[in-house]
Amino acid sequence: MNALAQRLARAIRREGPLPVSVFMTFALHDPQSGFYAAREAIGAGGAFVTAPEISQVFGELLGVWLLQVWRDQGRPANAMVVELGPGRATLLADALRTLRSDGEFLDTAEIVLVEASPALESLQRERLRDGSTRLRWVRQWSDVPRERPLFLIANEFLDALPIRQFVKTERGWCERTVTVDALDRLAFALAPLPLPLSIPLGRGVAEPGAVYEISPGAEALVEDIARVITNRGGAGLFIDYGYAGKGFGDTLQAVAHHESVDVLASPGEADLSAHVDFGAITESARAGGARVLGPIAQGDLLEALGIEVRAARLEEANPEQAIRVGVRRLVDPEMMGSLFKALAIVPQAAPAPPGF
């Protein structure tokens with residue numbers, strides 16, 4: 001076992017098994033050994049590659065989306081553009097090229113980056129150091145001001161928030177935990193006592209062994225964001241891999257060096273994530289008072305925003321670059337086009353955002 005696994009094992013022996021959500025939090029955000037605290041997570045040298053790293057067109061088009069939503073809502077002054085989990089700041093750097101096409105927007109807007117990792121914040125500051133845009137970094141969503149119009153982007157953010165897992169047994173729904181087995185290794189187990197769960201309608205009948213996942217943190221976050229947008233104006237765009245209306249299933253996964261690995265084998269050395277339940281996210285946004293549009297396929301959104309036109313212009317200007325290869329990966333249903341979905345939230349009276 002690595003150092004973090006040994007620390008977790010000692011804690012389990014002392015205090016008892018950890019819920020999956022607690023294990024995920026340690027594995028991703030432990031200050032000494034957590035995945036995001038201790039290593040480069042994103043890009044060719046990291047565990048995975050996100051859409052902004054695949055093609056600059058992705059971030060540019062999300063900049064188009066933000067600018068058009070802002071215009072459609074009457075060009076509110078003193079707006080905030082917030083990105084949750086900016087990673088290497090690739091998306092924001094590309095989006096800013098588009099946003100700078102409208103001087104009025106950036107004259108009054110402030111860019112807020114919500115980043116929990118000091119290492120990633122340092123990288124972001126280096127990437128965005130031109131000084132021409134007002135930038136602010138905060139550690140968590142609760143640090144973002146609530147009194148201004150909010151235009152928010154969250155790309156592959158919700159999937160990394162901790163989930164709780166429950167398994168259907170003869171006793172009822174028992175929470176999945178992480179314990180230590182007879183060989184002194186981290187292992188999954190079930191809590192001995194069942195918990196009363198309210199399963200949403202439409203899930204179907206759960207057979208013994210079925211796994212039900214919830215992400216209380218994601219649901220509370222989206223509801224709070226929706227409440228700010230409802231009260232102050234603006235829009236939120238969430239892009240992630242996930243499902244809507246699915247039955248049951250275990251979607252927790254670990255990725256290291258672009259390959260799937262055992263979730264428990266080396267905590268802190270692999271990225272942990274789970275598919276986003278867009279049905280639950282939709283209900284959370286509605287509970288916050290917002291109008292919800294989607295989810296729709298990522299490929300459909302990007303095509304509606306003009307990805308083919310933008311790619312053709314880039315190819316003409318840079319014939320040596322394989323622009324179409326990256327674009328195809330983003331929109332092809334067999335690649336990221338269908339697995340990744342987009343959901344938008346706006347005030348009830350606001351126009352529908354572009355692409356929706």
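A contact here means heavy atoms within 4.5 Å. The model is predicted, so to speak of local features requires pLDDT of at least 70 and side-chain atom pairs count only at pLDDT 80 or more, while totals for chains, interfaces and linings use all residues. Residues are numbered from 1 along each chain as its sequence is written, and side-chain values use heavy atoms, with hydrogens and water left out.

**Exercise 1.** Describe the overall build of the protein chain from its contacts, burial and radius of gyration.

*Solution.* Begin with the contacts between residues at least 6 apart in sequence, of which 75% join residues at least 24 apart. Next, turn to burial, where buried means under 20% relative accessible area with a 1.4 Å probe, protein chains only; 54% of the 356 residues fall in this class. Finally, take the radius of gyration over C-alpha atoms, with the globule rule of 2.2 Å times the number of residues to the power 0.38: a compact globule of 356 residues would come near 21 Å, and the chain, at 21 Å, agrees.

**Exercise 2.** Work out the strand order of the sheet that contains β11, and state which strands stand at its edges.

*Solution.* Strands are DSSP runs of E, at least two residues long, numbered from the N terminus, and two of them pair if DSSP finds at least two bridges between them. Strand β11 (residues 253-256) runs antiparallel to β13 and is joined to β13 by three bridges, with Ala254 partnered by Leu272 of β13. The open sheet of three strands therefore reads β12-β11-β13, with antiparallel pairing. β12 (259-261) and β13 (271-273) each have a single partner strand, so one side of each is left without a neighbour in the sheet.

Note on methods: Helix = DSSP H or I, 4+ residues; strand = E, 2+ residues; numbered from the N terminus. Buried < 20%, exposed > 50% of the residue type's maximum accessible area, 1.4 Å probe, protein only.
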